[in-house]
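User: Please take a close look at one helix in this model. I would like to know how it sits, and then what surrounds it in the fold.

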Amino acid sequence: MGMKSKSNRLPQAVLLKQILKRCSSLGKKNGYDDECSLPEDVPKGHFAVYVGQNRSRYIVPISFLTHPEFQCLLRRAEEEFGFDHEMGLTLPCEEVVFRSLTSMLR
């Protein structure tokens, strides 16, 4: 049983690494500081996402990546947009839903 739950975590760990790598590569492509690879307005331990029809930008803590609800959003983002594009990490949900979700995760 322990082996089964360990194998279930592997895809999530791989997904999280891909997301963090994608966030880091965005900073390099957009000319941000190579050392931190993020825009100056993104504090350490956070990353930017784009949400809704207008692609509003939100800065969220990396700790959100461990929440199943947020991971579900990330899986939907991967299915809809993939992680290899120039649009930034875009989440496929309405802003009001995203704000509601993030207020519960804080």
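Analyst: Start with a cut-off: a residue counts as exposed over 50% relative accessible area, as buried under 20%, and as partly exposed in between. The model is predicted.

By that cut-off, Pro68, Glu79 and Glu80 of helix H2 are exposed. They lie on the other side of H2 from its buried residues. Those are Phe70, Gln71, Leu73, Leu74 and Ala77. Seen down the axis of H2, the buried residues fall within an arc of 155 degrees, so they line one face of the helix. The general rule behind such a pattern is that an α-helix has 3.6 residues a turn, so residues three or four places apart point the same way.

Now the length. H2 covers residues 68-80, which makes 13 residues. At 1.5 Å a residue, H2 should span 18 Å. Its end C-alpha atoms are 18 Å apart, so expectation and model agree. After H2 comes Gly82, with a positive phi near 75 degrees.

Next, the sheet. It is open and has 3 strands, in the order E2-E1-E3, with mixed pairing. E2 and E3 (90-91) stand at the edges. Each has a single partner strand, so one side of each is left without a neighbour in the sheet. E1 and E3 run parallel and are joined by 2 bridges. In one pairing, Val51 has Leu91 of E3 as its bridge partner. Helix H3 packs on this sheet and touches E1, E2 and E3. The direction of H3 makes about 15 degrees with that of E2.

Last, the salt bridges. The count is 2. One joins Asp41 to Arg57, with the closest N and O atoms 2.6 Å apart. This pair links distant parts of the chain, 16 residues apart. Asp41 is in the loop between helix H1 (2-29) and strand E1 (46-51), while Arg57 is in strand E2 (residues 56-61). Asp41 has 46% relative accessibility, so it counts as partly exposed. Arg57, at 33%, is partly exposed too.

Glu95 and Arg99 form a salt bridge as well, with the closest N and O atoms 3.5 Å apart. Both residues lie in H3 (residues 95-105). They are 4 residues apart, about one turn of the helix. Arg99 is partly exposed, with a relative accessible area of 41%.

Terms used: Residues numbered from 1 in each chain as written. Predicted model: local features only at pLDDT ≥ 70, side-chain atom pairs only at ≥ 80, totals over all residues. Heavy atoms only, no water. Salt bridge = Lys/Arg side-chain N within 4 Å of Asp/Glu carboxyl O. Buried < 20%, exposed > 50% of the residue type's maximum accessible area, 1.4 Å probe, protein only. Expected span 1.5 Å × (residues − 1). Arc of directions from axis to C-beta. Pairing = 2+ DSSP bridges. Contact = heavy atoms within 4.5 Å. Axes fitted to C-alpha atoms, helices over the stretch in contact; angles between N-to-C directions.
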